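Please open the model in your viewer and keep the sequence panel beside it. The tour below moves from one selection to the next, and says at each stop what is found there.

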Amino acid sequence: MEDNCIFCKIIKGDIPSTAVYEDDDVKAILDVNPAAEGHVIVIPKEHAENVFSISDEALMKTICVAKRVAAALKKAYNCDGVNIIQNNGEAAGQTVFHLHIHVIPRYEGDTVNVGWKPGDKPENMEEIAAKIKADI
Ligand code: 5GP
Ligand code: ZN
C-alpha cells in the first residue's frame, strides 16, 4: 500500500470506484475516462509500479482476471474484439504508477486508437534478437 497511489486508495475504498470484480488479490473497475463503454482496468492489490517490479504471482492473477473480463465484455456487449493493454513508463503512456491492465471492447470501424504505424522489416533481425535474448 503506497500513501500517494490512486489505485491503492481505490483498492482500500478511500476513493470510490465502480467495481465489476474483486477477490483477495485483484480488483477490476470501470475506467473513469473510458476509451469505449465497458473499458475496464484490472488492478492487482499488491502495489507495484509497473511490469519491472510486479511479482510473477500477482501478474499472473491479474492477467487471468483480465481474460475473464474480456470474455464478459464479449458476452455483455457482443463486441467484435477486445484489446488487452498494459502501459509501463511515462513514454509508454502510463499515467497511474500502480500496474494495471486495460480491457477495452472494440468494434469494426470504431475510432479507438491503440495502434502504431508498422515500420519497415529490419535487415538485422538476428542481431536485434541476440541483443534481447542475452537479457531474458
Ligand atoms: P494508464 O495511462 O496509466 O495506462 O492508465 C490509467 C487509467 O486510469 C486511465 O485510463 C485513467 O482514465 C484511469 N484512471 C485514472 N484515475 C482514475 C480514477 O480515479 N478512477 C478510475 N476508475 N479510473 C482512473
Ligand atoms: Zn498502488
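## First stop: His-39

Select His-39 and then show what surrounds it: apart from neighbours within four places in sequence, His-39 is in contact with Ile-29, Leu-30, Asp-31, Pro-34, His-102, Val-103, Ile-104 and Pro-105. Please bear in mind throughout that this is a predicted model. His-39 itself sits in the loop between strand S2 (26–30) and S3, and it counts as buried because its relative accessibility is 5%. If you now display the side chains of His-39 and His-102, you will find a polar contact of 2.9 Å joining them.

## The whole chain

Zoom out and colour by secondary structure, which in this protein comes to three helices and five strands. Following the chain along its sequence, you pass through the pattern α-β-β-β-α-β-β-α. The C-alpha trace spans about 50 × 40 × 25 Å along its principal axes, and of the 136 residues 32% count as buried. Switching to a surface view shows what the protein exposes, about 9,300 Å², with carbon and sulfur atoms supplying 52% of that area. If you look instead at contacts between residues at least 6 apart in sequence, 52% of them join residues at least 24 apart.

## Ligand 1

Next, select ligand 1 and the residues around it, of which there are 16, the closest being Leu-30, Asp-31, Gly-93, Thr-95 and His-102. Leu-30 and Asp-31 were also among the contacts of His-39 at the first stop. Which atoms of the protein lie 2.9 Å from a nitrogen atom of ligand 1? In the case of Leu-30 it is a polar backbone atom that lies at this distance from the ligand nitrogen. For Asp-31 the side chain is involved, with one of its N or O atoms 2.4 Å from an oxygen atom of ligand 1. The side chain of Asn-87 likewise has an N or O atom 2.9 Å from an oxygen atom of the ligand. Taken alone, ligand 1 exposes 520 Å², and the protein buries 83% of that.

## The zinc ion

Now move to ligand 2, the zinc ion, and show the side chains of Cys-5, Cys-8, His-47 and His-98, whose donor atoms (SG for both cysteines and ND1 for both histidines) lie 2.0 to 2.3 Å from the ion. How are the four donor atoms arranged around the zinc ion? The arrangement is tetrahedral, because the angles that these atoms subtend are 104 to 116°. In the sequence panel, the donors follow the spacing C-x2-C-x38-H-x50-H. His-47 belongs to the loop between strand S3 (40–44) and helix H2 (56–77), whereas His-98 belongs to the loop between strand S4 (81–85) and strand S5 (101–106), so the pair ties together parts that are 51 residues apart in sequence.

Keep these two histidines selected and compare their surroundings. Is His-98 buried or exposed? His-98 is buried, with a relative accessible area of 0%, while His-47 is partly exposed, with a relative accessible area of 24%. The side chains of His-47 and His-98 are joined by a polar contact of 3.2 Å. Not counting residues up to four places away in sequence, His-47 touches Met-1, Glu-2, Cys-5, Cys-8, Phe-97 and His-98. A distance line drawn between the C-alpha atoms of His-47 and Thr-95, which are 48 residues apart along the chain, comes to 15 Å.

## Ile-84 in strand S4

From there, go to Ile-84, which lies in strand S4 and is partly exposed, with a relative accessible area of 42%. Leaving aside neighbours within four places in sequence, its contacts are Ile-63, Ala-66, Ala-70, Ile-101, His-102 and Val-103. The C-alpha atoms of Ile-84 and Thr-111, 27 residues apart along the chain, are separated by 16 Å.

## Last stop: Asn-78

Finally, select Asn-78, whose place is in the loop between H2 and S4. Asn-78 counts as exposed because its relative accessibility is 62%. Its backbone deserves a look as well, since Asn-78 has a positive phi of about 50° although it is not a glycine. Most residues other than glycine have a negative phi.

Conventions
Residues numbered from 1 in each chain as written. Chains lettered and ligands numbered in written order. Predicted model: local features only at pLDDT ≥ 70, side-chain atom pairs only at ≥ 80, totals over all residues. Heavy atoms only, no water. Donors = N, O, S within 2.8 Å, 3.2 Å for Na, K, Ca; no water. Tetrahedral: all angles 85-135°; square planar, octahedral: opposite > 155°, others 65-115°. Helix = DSSP H or I, 4+ residues; strand = E, 2+ residues; numbered from the N terminus. Buried < 20%, exposed > 50% of the residue type's maximum accessible area, 1.4 Å probe, protein only. Near = heavy atom within 4 Å. Polar contact = N/O pair within 3.5 Å; in protein donor to acceptor, adjacent residues only side chain to side chain. Areas by Shrake-Rupley, 256 points an atom, 1.4 Å probe, with all protein chains shown as cover. Contact = heavy atoms within 4.5 Å.
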